[in-house]
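Here is a short briefing on one protein model. Keep the sequence and the 3D view open as you read.

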Amino acid sequence: MENMVCRLAMIHDGDPQEQSAAALAARVDDSTCCVASTDFIQDGAGEPTSVMDAVSLAVLTSYLEQLLTVGCERTEGDLCTICFLPIGFPVGQNSKFNVCCMKRMCDGCVLAARRRGILDKCPFCRTRLPRGDASELAMIRKRARKGDAAALNFLGGKHYFGQSGLARDVPRSIKLWTEAAELGSLD
């Protein structure tokens with residue numbers, strides 16, 4: 001693997017700089033650096049190159065976990081309900097929210113479920129996924145009638161923004177959000 005190249009954007013003493021994988025391996029014990037992003041370049045054969053010789057996967061994982069947990073206080077909703085790892089920012093782009101159980105899952109867990117053959121069911125509760133706006137609203141309303149705070153909050157957002165075929169209704173959304181707050185919703 002002579003064409004192996006790995007660029008790592010490093011933050012060291014507030015100064016972003018590009019480092020090679022070998023330079024990162026030499027600085028593994030340095031506590032002032034953390035991985036901001038990785039960019040793997042493919043070799044001439046078209047196969048992704050491996051940096052396992054220079055940096056172990058455990059080190060990269062620990063830096064990624066450190067990056068995801070340092071700087072901002074994370075809410076409970078920012079954790080994947082399957083693997084319990086922090087979801088990367090922006091949370092809405094790096095995760096999927098299922099209305100059947102009102103749970104957020106990271107893209108990695110959704111991908112793992114699809115690879116295992118769970119295509120038309122929720123990876124968390126194994127309920128069939130809604131096929132359209134009407135079935136999605138029916139699931140949300142069913143949970144809201146039972147007093148689910150997350151469902152009331154979600155339904156309030158749908159009314160506020162006029163999504164899923166609902167007319168924009170601000171007073172109704174405020175009423176739903178107030179009821180969700182009374183039931184314990186933090187959002």
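Start with a charged pair: R128 forms a salt bridge with D120, and their closest N and O atoms are 2.2 Å apart. The model is predicted. Salt bridges come first below, then helix α4, then the nonpolar cores, and last a loop residue.

**Salt bridges**

- Side chains of opposite charge can pair when their charged atoms come close.
- The count here comes to 3 salt bridges.
- In the R128 and D120 pair, R128 is partly exposed, with a relative accessible area of 48%.
- Its partner D120 also counts as partly exposed, at 30% relative accessibility.
- Another bridge joins the side chains of E136 and K158, at 3.3 Å from N to O.
- E136 lies in helix α4 and K158 in helix α5, so this pair ties together parts that are 22 residues apart in sequence.
- Are E136 and K158 buried or exposed? Both are buried.
- The side chains of D148 and R143 also meet in a salt bridge, at 2.7 Å from N to O.
- D148 is buried, because its relative accessible area of 19% falls under the 20% cut-off.
- R143 is partly exposed, with a relative accessible area of 27%.

**Helix α4**

- Helix α4 covers residues 133–145, which makes 13 residues.
- How far apart should its ends be? At 1.5 Å a residue, the helix should span 18 Å. The C-alpha atoms at its ends are 18 Å apart, so the model agrees.
- Four residues of α4 are buried: E136, L137, I140 and A144.
- Seen down the helix axis, these buried residues fall within an arc of 95°, so they line one face of α4.
- On the other side of α4, A134 and R145 are exposed.
- What covers the buried residues of α4? The cover includes α5, residues 149–161.
- Just after α4 comes G147, which takes a positive phi of about 90°.

**Nonpolar cores**

- The largest nonpolar core has 11 residues.
- Among them are V99, M102, L137, I140 and A144. The list also includes A151, L152, L155, L166, L176 and A180.
- Which elements give two or more residues to this core? They are α4, α5 and α6, the last being residues 170–182.
- Look at L155, one of the core residues. Leaving aside residues up to four places away in sequence, L155 touches L137, I140, R141, A144, L166 and L176.
- A second, separate core has 10 residues, including C80, I87, C100 and C109.

**A loop residue: S164**

- Where is S164? S164 lies in the loop between α5 and α6.
- S164 counts as buried, because its relative accessibility is 13% and the cut-off for buried is under 20%.
- The side chains of S164 and K158 are joined by a polar contact of 3.1 Å.
- K158 is also the salt-bridge partner of E136.
- Not counting residues up to four places away in sequence, S164 touches D133, E136, L137 and K158.
- Find E136 and L137 once more: both are among the buried residues of α4.

Note on methods: Residues numbered from 1 in each chain as written. Predicted model: local features only at pLDDT ≥ 70, side-chain atom pairs only at ≥ 80, totals over all residues. Heavy atoms only, no water. Expected span 1.5 Å × (residues − 1). Buried < 20%, exposed > 50% of the residue type's maximum accessible area, 1.4 Å probe, protein only. Arc of directions from axis to C-beta. Contact = heavy atoms within 4.5 Å. Salt bridge = Lys/Arg side-chain N within 4 Å of Asp/Glu carboxyl O. Core = buried A, V, L, I, M, F, W, Y, C linked by side-chain atoms within 4.5 Å. Polar contact = N/O pair within 3.5 Å; in protein donor to acceptor, adjacent residues only side chain to side chain.
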